[in-house]
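Me: Please explain how the labels given to this model follow from their definitions.

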Amino acid sequence: MYYGELKKRDIANGLGVRVALFVSGCTNHCEECFNRATWDFNFGKLYTQSTEDEIIEALRPDYVRGLSLLGGEPMEPKNQPKCLDLLRRIKKELPNKDIWCYTGFTYEELLTKGGYANTEHVEEMLSLIDVMVDGRFEKDKRNLMLKFRGSENQRLIDMNATREKGEVVLLDL
């Protein structure tokens, strides 16, 4: 897996001060995507064990609330194994940090058996994510007043409440 950028102090992609990893590779190709360069699976730098260690260290300070995983597309089947390893490590070593994941796939698409992004990794990934911003960016639904998303079709899903209730629960901000 490659990544386009690692921001160690980000306040734009989730609540609080966050570490943001922009993975490379996306087949959704949303029109007017803000990060088109990351569509290429080989864009940027190779993600290594050293990269993962750097992310963990950046997450350690008390003032850092958690990780935001963006892209490109973290839920691309090709990216899921490395992303899952990172999520597991964060939950093991830093269980008080929250994880936000931005995906162009909807929650329902991710859970659809036989669907493109539904791999053997998806359910475990979803079990480790606290907030998921789902849905492709749609330029005709663009709304710059929305918090943490670009178009009105995208949802902020409270994954902990969703797992508890057994149905999608939106994050109330």
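Me: What makes the meeting of the Asp-98 and Arg-65 side chains a salt bridge?

Reply: A salt bridge requires a side-chain nitrogen of Lys or Arg within 4 Å of a carboxyl oxygen of Asp or Glu. Asp-98 and Arg-65 meet at 3.3 Å, N to O, so the pair satisfies that criterion. Asp-98 lies in strand E5 and Arg-65 in strand E4, so the bridge ties together parts 33 residues apart in sequence; strands (E, at least two residues) and helices (H or I, at least four) are DSSP runs, numbered from the N terminus.

This is a predicted model, in which local features need pLDDT of at least 70 and side-chain atom pairs pLDDT 80 or more, while totals for chains, interfaces and linings use all residues. Residues are numbered from 1 along each chain as its sequence is written, and side-chain values use heavy atoms, without hydrogens and water.

Me: Why is Asp-98 called buried?

Reply: Buried means under 20% relative accessible area, exposed over 50%, and partly exposed in between (1.4 Å probe, protein chains only). Asp-98 has 13% relative accessibility and therefore counts as buried. Arg-65, with a relative accessible area of 40%, is partly exposed.

Me: How do you know that Glu-93 and Arg-60 form a salt bridge?

Reply: Their closest N and O atoms are 3.3 Å apart, so the cut-off is met. Glu-93 lies in helix H2 and Arg-60 in the loop between H1 and E4.

Me: Which residues do salt bridges that share partners join into one network?

Reply: The network comprises Glu-52, Asp-53, Glu-57, Arg-60, Arg-89 and Glu-93.
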